[in-house]
Amino acid sequence: MTEARAKAPTRPGESRFAQGFALFAECLLTGVWIAVAALPLVTYPAAFAAGARHLGRRMAHERGGWREFVADFRAAVRRGWLVGVAGWAALAVVWVDVRAVRDGLPGGPLVGAVGVLALIGAVVAGLRAAADWRPGASWRSLLAGAGRRTVLDPAGSFLLVGGLAVVVCSAWFSAPLAVAVLGAVAAAAVAVEERYRRR
C-alpha cells in the first residue's frame, strides 16, 4: 500500500500547484470536520483518526468524502472514546502538577517540567496512533507502537510538536483559524508516519 501511495498518478491536466492547493483546501475542510466530530470532547482521537484516514485517501488519489469520514469516525469512536478520557485525565494530572509548582512545592519546577514534557509526548504519540489507525485496529496496540515511534523518530515527533504549536498560536490569534489548522496537523501526522515507514 505504501508503494501504491508513493506512485499514485497525478490527475491529468492538473498542475502540481493546483494539486497542492487542492490538498491544502482539503486539509482546511478536514480540520472543520475534525473539530465538529471532536465536540463531545472525548471523541477527539476518533476524529483525528477519521481525518487522517480521509487525508490519506486524498493523497493516494482515492475517492472519499464526508460519508467515508463519518463511517471511519463511527468505527474509531467505539474504543477511541476511552483514549479521549485517558487524555483528559493526563491533562488533569499535569494541571495539578503545574498548580503544585506555582504553590511552591519543593522540587516543583522539575516535576512540572517532566509533567509537561510527558504530556507533549503523549499528545504526539496520540497523533501518530490516530494517523496509523485502520478499521478494526486496537487503540492499545496503536498507542504502544506510536509511543515507540515517538521516541525512535525524534525528527518526526518534533515536526508534530511544531504543528501543535501552530494550532496553539492560531487559537491565540483567532479561534476559527485554529479549527481549520487541525486538518493540517492531521496531514502532518499522516506524512510523518509515511516518512517513518519508508526509512
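The expected span of a helix is 1.5 Å times one less than its number of residues. Apply that to helix α6 in this predicted model. Helix α6 has 14 residues, and its first and last C-alpha atoms lie 20 Å apart, close to the 20 Å expected. Helix α5 can be checked in the same way. It has 25 residues and reaches 36 Å, close to the expected 36 Å.

Now look at how α6 sits. Its buried residues are W139, L142, G145, A146, R149 and T150. Seen down the axis of α6, these buried residues fall within an arc of 145 degrees, so they line one face of the helix. The general geometry helps here. An α-helix has 3.6 residues a turn, so residues three or four places apart point the same way. The face of α6 turned away from the buried side carries R140, R148, V151 and L152, which are exposed. What does the buried side of α6 pack against? The partners are α3, α4, α5, α7 (residues 154–173) and α8.

Helix α5 spans residues 108–132. Its buried residues include three glycines, G108, G112 and G115. Further along come L119, V124, A125, L127 and R128. The buried list ends with A129, A130 and A131. The cover over these residues includes α3, α4, α6, α7 and α8.

Part of α5 also faces outward. V98, V116, L117 and I120 form a nonpolar patch on the surface. Together they have about 310 Å² of accessible area. Helix α5 gives the largest share of this patch, 3 residues. I120 is found in α5. Is I120 buried, exposed or partly exposed? Its relative accessible area is 36%. Buried means under 20% and exposed over 50%, so I120 counts as partly exposed.

Turn next to the charges. The whole structure holds 11 salt bridges. One of them joins the side chains of D72 and R57, at 3.0 Å from N to O. This pair links distant parts of the chain: D72 lies in helix α4 (residues 66–102) and R57 in helix α3 (residues 44–59), 15 residues apart. Both ends are covered. D72 is buried at 7% relative accessibility, and R57 is buried at 11%.

A second bridge brings us back to α6. R149, one of the buried residues of that helix, meets E193 in a salt bridge of 2.7 Å, N to O. This pair also links distant parts of the chain, with R149 in α6 (residues 139–152) and E193 in α8 (residues 175–198), 44 residues apart. E193 is buried, as R149 is.

Next to E193 in the numbering is E194, which forms a salt bridge with R198. The closest N and O atoms of this pair are 3.5 Å apart. Why are E194 and R198 separated by about one helical turn? They are 4 residues apart in α8, which means a separation of about one helical turn. E194 is buried, with a relative accessible area of 10%.

These bridges belong to a wider set. A network of salt bridges links R128, D132, R149, D153, E193, E194, R195, R197, R198 and R199. Several strands of the tour meet there. R128 is among the network's members and among the buried residues of α5. R149 is in the network too, and it lies in α6. E193, its partner in α8, is also a member.

How values were computed: Residues are numbered from 1 along each chain as its sequence is written. This is a predicted model: local features need pLDDT of at least 70, side-chain atom pairs count only at pLDDT 80 or more; totals for chains, interfaces and linings use all residues. Side-chain values use heavy atoms; hydrogens and water are left out. Patches are made of residues with over 30% relative accessible area and no salt bridge: like charges are joined within 9 Å, nonpolar side chains (Val, Leu, Ile, Met, Phe, Trp, Tyr) within 5 Å. Accessible areas come from the Shrake-Rupley method with a 1.4 Å probe; for residues, only the protein chains shown count as cover. A salt bridge is a side-chain nitrogen of Lys or Arg within 4 Å of a carboxyl oxygen of Asp or Glu. Helices (H or I, at least four residues) and strands (E, at least two) are DSSP runs, numbered from the N terminus. Buried means under 20% relative accessible area, exposed over 50%, partly exposed in between (1.4 Å probe, protein chains only). The arc is that of the directions from the helix axis to the C-beta atoms. Contact means heavy atoms within 4.5 Å.
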